[in-house]
Structures are given as structure tokens and as C-alpha cells.
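Hi,

Here is the structure I promised to pass on. Have a look at it first, and then read on for what turned up.

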Amino acid sequence: GIPVCGHVGLTPQAVNALGGYGARGRSEAEAAKIVADGKAIAEAGAFALVIEGVMEPIAIALTEGVACPTIGIGASARC
């Protein structure tokens with residue numbers, strides 16, 4: 001019963017582990033993980049999904065692949 005907004009892509013709390021603030025999803029494996037994580041969050045019942053700092057095709061694919069609204073932060077105007 002607690003509203004949840006998911007967050008995928010560039011997560012500032014993990015920026016040191018990720019190697020900086022660059023765009024996420026440059027490799028196929030990383031892109032697939034971002035999309036899978038986003039879909040899992042949406043399917044778990046999140047009311048919205050923040051997609052931050054990812055390559056635009058990933059943001060578009062994820063936006064089209066989930067039923068909840070997406071919020072793009074440096075991802076795509078199509079969120």
C-alpha cells in the first residue's frame with residue numbers, strides 16, 4: 001500500500017561504483033539490464049518510473065514497454 005516510484009539508469013548513489021556520471025546503457029548487456037530492471041519495477045506495481053541518464057533508444061524502448069508513466073532525466077523527451 002505504499003506508493004513507489006522506480007529509478008533506473010544513472011543512480012547518483014552508485015556513481016562511484018559505476019565509474020562516473022556518463023550515460024548508461026552503452027553496452028548491449030547494460031542496456032538489456034536497464035530495460036529488464038525497469039520492466040520488473042513497473043510489473044511490481046510502481047506508479048511511475050524515472051529513467052535517468054540513459055541512451056535515448058533505451059529510454060524510448062522502456063517507455064513503450066511499461067504501462068506506468070515514465071519521467072526522463074537526461075534520457076529522452078519521449079518519456
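Let's begin with one residue: does G6 count as buried or exposed, and what is its relative accessibility? G6 counts as buried because its relative accessibility is 6%. Please keep in mind that this is a predicted model, so everything below is computed from it.

G6 sits in strand β1. Not counting residues up to four places away in sequence, G6 touches I41, A46, A48, L49 and V50. One of those partners, L49, is 43 residues away along the chain, yet the C-alpha atoms of G6 and L49 are separated by 4.6 Å.

Now for the sheet that β1 belongs to. It is an open sheet of three strands in the order β1-β2-β3, and the pairing is parallel. β1 and β3 (residues 70–73) are the edge strands, each pairing on one side only. From one strand to the next, the twist averages 20°. If you want to check the pairing between β2 and β3, look for four bridges joining these parallel strands. You can also find E52 standing opposite I73 in β3.

Next, the helices. α2 packs on the sheet, where it touches β1 and β2, and its direction makes about 175° with that of β1. α3 lies across β1, β2 and β3, and runs at about 170° to β2. Within α3 (residues 56–65), the buried residues are I58, A59, I60 and L62. What covers them includes β1 (5–9), α2 (28–43) and β2 (48–52).

Some of these names come back in the largest nonpolar core. In soluble globular proteins, nonpolar side chains tend to be buried together. Here, the largest core has 14 residues, and V8, L49, I51, V54, I58 and L62 are the ones that touch the most other members. Two or more residues come from each of α2, β2 and α3. The biggest contribution is that of α2, which gives four residues.

L49 is a good place to centre your view. Leaving aside neighbours within four places in sequence, L49 is in contact with C5, G6, H7, V8, G38, I41, L62, C68, P69, T70 and I71.

Another glycine on that list deserves a look: G38, found in helix α2. G38 counts as buried because its relative accessibility is 0%. Apart from residues up to four places away in sequence, G38 touches V8, L49, L62 and V66. The C-alpha atoms of G38 and G9 are separated by 8.9 Å, and the two residues are 29 apart along the chain.

Last, the cysteines. How many disulfides does the structure hold? The count is zero. C5 is in no disulfide, and the nearest cysteine sulfur, that of C68, is 8.1 Å away. A pair of cysteine sulfur atoms would have to be within 2.5 Å to count as a disulfide. C68 is in no disulfide either, its nearest cysteine sulfur being that of C5. As for exposure, C5 counts as partly exposed because its relative accessibility is 35%, while C68, at 12%, counts as buried. Both cysteines are among the contacts of L49, so you can find them from the view centred there.

Cheers

Note on methods. Residues are numbered from 1 along each chain as its sequence is written. This is a predicted model: local features need pLDDT of at least 70, side-chain atom pairs count only at pLDDT 80 or more; totals for chains, interfaces and linings use all residues. Side-chain values use heavy atoms; hydrogens and water are left out. Buried means under 20% relative accessible area, exposed over 50%, partly exposed in between (1.4 Å probe, protein chains only). Contact means heavy atoms within 4.5 Å. Two strands pair if DSSP finds at least two bridges between them. Axes are lines fitted to C-alpha atoms, for helices over the stretch in contact, and angles run from 0 to 180 degrees between N-to-C directions. A nonpolar core is a set of buried Ala, Val, Leu, Ile, Met, Phe, Trp, Tyr and Cys residues joined through side-chain atoms within 4.5 Å.
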